[in-house]
Amino acid sequence: MKLGWTVHGDGKTMGPSDVVGPGERLSWPLTVGIGLQHIVAMFGATFLVPLLTGFSPATTLFFSAVGTVLFLLVTGNRLPSYLGSSFAFIAPIGAATASGGQSAAVGGILITGLTLTVVGVVVHLAGARWINAIMPPVVTGTIVALIGFNLAPSAWGNVQTAPVTAMVTLVSIVLVTVLFKGIVGRLAILVGVLVGYGCAVVRGEVSFAGVEQAAWFGLPEFVTPTFQVSLLGLFVPVVLVLVAENVGHVKSVAAMTGQNLDDLAGRALLADGLATTFAGLGGGSGTTTYAENIGVMAATRVYSTAAYWVAACGALVLSLSPKFGEVIASVPGGVLGGAATLLYGMIGMLGARIWVQNKVDFSDPVNLTTAAIALVVGIADFAWTPGDLEFKGIAIGTAAALGIYHSMRVLSRWRGTSQEAASPASAPGGSEVESAGPVQ
């Protein structure tokens with residue numbers, strides 16, 4: 001494993017087409033700036049899960065930071081990612097807490113982490129080829145896209161809390177992106193958030209009461225897990241979502257960097273499993289590779305793992321300092337909504353990029369139907385509640401993409417109908433358009 005990084009160019013400037021790879025970095029001041037963007041991107045969602053489930057935000061942030069360091073180490077410092085609290089745990093935690101208390105919910109998180117760890121070991125030893133067979137580009141692209149677009153209502157909800165501030169934040173990001181060259185343009189998200197925060201302060205939307213009352217230093221609260229067999233079934237299905245999110249993350253980073261990272265799929269699953277296990281040992285929320293930070297990488301084209309070490313260290317400091325944590329937590333919903341509008345959309349478009357780069361043929365009715373149904377399920381956030389379990393758009397959309405693709409592929413080959421058009425509106429694959437010549 002290589003922990004060092006090669007300085008990209010002079011470390012201070014980037015051309016319009018430059019890309020900073022995982023093993024490279026800019027100068028440390030600029031790397032710190034990009035790391036701060038990653039903290040801003042993950043913070044709102046990472047804090048939201050414990051706030052919704054009654055867990056300690058500081059404890060969740062602590063295990064999020066530790067988990068990110070663990071992830072970088074296990075993946076050999078080759079896969080840029082931040083591990084934030086997973087939304088897939090919200091329903092199981094709520095149900096388990098209501099039945100057996102917080103410690104029982106923490107025990108469920110621990111079991112989920114151990115299960116995912118086993119899956120990661122199997123994938124690492126058996127290789128990622130079987131994952132590619134199970135999740136071809138049309139499926140992975142669909143999953144990545146629906147994860148991003150599924151988050152759209154969350155962005156809109158934050159925007160509605162302060163529309164003016166959200167608009168100032170979003171417009172600032174857009175203007176900085178196109179008006180400034182080099183690294184300033186790459187820091188557009190952070191600059192836009194700072195401008196939006198300033199606007200929120202002027203408009204009286206920021207409360208500093210929590211900052212004034214908080215101590216400078218303090219350890220988070222830890223919770224010891226307990227186990228109730230009747231509740232563990234609530235958490236095991238979450239493993240499927242975490243597998244999809246992790247594999248989708250590996251595919252997204254591979255698409256953005258142009259590198260084949262399939263050999264890291266098993267390590268990514270193993271690392272997230274270990275991180276979730278550690279969270280379950282002390283009262284943190286379960287973790288997953290964070291889509292929000294993919295958006296930051298897409299915007300900056302800086303994929304350096306050094307920025308994630310900065311983000312992890314910064315998050316660790318924040319988790320040990322209630323006062324700093326309250327400062328970050330004071331960022332109002334309007335600012336988060338403005339930034340998330342861009343970030344979540346970028347995540348969705350990365351799914352489309354996977355389709356384009358892998359030349360997915362949408363004149364094939366199997367591919368077209370798979371993406372069409374799964375995207376609507378994910379974007380509309382379909383829900384299914386069998387008993388105490390609740391599966392939402394991302395989980396159902398993922399299952400739909402997998403189930404529809406493979407069942408249709410098997411049946412079409414059996415019946416010899418794989419080349420039949422799905423409908424008169426089926427999209428041409430490209431060659432049809434070229435052979436038709438120009439429109440008269």
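**Entry 1: a surface patch**

I began at the surface of this predicted model, where I found that Met167, Val171, Leu175, Val178, Leu179 and Phe180 form a nonpolar patch, with about 590 Å² of accessible area together. I then looked up one member of the patch, phenylalanine 180, and found it in the loop between helix 8 (163–179) and helix 9 (182–186). Its relative accessible area is 45%, and I noted phenylalanine 180 as partly exposed because that value lies between the cut-offs of 20% and 50%. I also wrote down a general point that helps in reading residue numbers along a helix: an α-helix has 3.6 residues a turn, so residues three or four places apart point the same way.

**Entry 2: salt bridges**

Next I asked myself how many salt bridges the structure holds. The count is 3 salt bridges, and I went through them one by one, keeping in mind that side chains of opposite charge can pair when their charged atoms come close.

I looked at arginine 78 and aspartate 263, whose side chains meet in a salt bridge with an N to O distance of 3.1 Å. This pair links distant parts of the chain, since arginine 78 sits in the loop between helix 2 (57–74) and strand 3 (83–85), while aspartate 263 sits in the loop between helix 13 (238–257) and helix 14 (265–282), 185 residues apart. I checked the exposure of both partners and found arginine 78 partly exposed at 34% relative accessible area, and aspartate 263 also partly exposed, at 44%.

I then turned to glutamate 205 and arginine 203, whose side chains meet in a salt bridge at 3.0 Å, N to O. Here glutamate 205 is partly exposed with 27% relative accessibility, and arginine 203 is partly exposed with 46%.

The pair I left for last is arginine 409 with aspartate 364, in which the closest N and O atoms are 3.1 Å apart. Arginine 409 belongs to helix 20 (residues 393–415) and aspartate 364 to the loop between helix 18 (333–357) and helix 19 (365–380), so this salt bridge ties together parts that are 45 residues apart in sequence. Are these two residues buried or exposed? I found that both arginine 409 and aspartate 364 are buried.

**Entry 3: helix 4 and its end**

Finally I followed helix 4 (residues 102–126), which has 25 residues and reaches 36 Å from its first C-alpha to its last, close to the 36 Å expected at 1.5 Å a residue. Just after helix 4 I came to glycine 127, which takes a positive phi of about 90°.

Notes:
Residues numbered from 1 in each chain as written. Predicted model: local features only at pLDDT ≥ 70, side-chain atom pairs only at ≥ 80, totals over all residues. Heavy atoms only, no water. Salt bridge = Lys/Arg side-chain N within 4 Å of Asp/Glu carboxyl O. Helix = DSSP H or I, 4+ residues; strand = E, 2+ residues; numbered from the N terminus. Buried < 20%, exposed > 50% of the residue type's maximum accessible area, 1.4 Å probe, protein only. Patch = residues over 30% accessible without salt bridge, like charges linked within 9 Å, V, L, I, M, F, W, Y side chains within 5 Å. Areas by Shrake-Rupley, 256 points an atom, 1.4 Å probe, with all protein chains shown as cover. Expected span 1.5 Å × (residues − 1).
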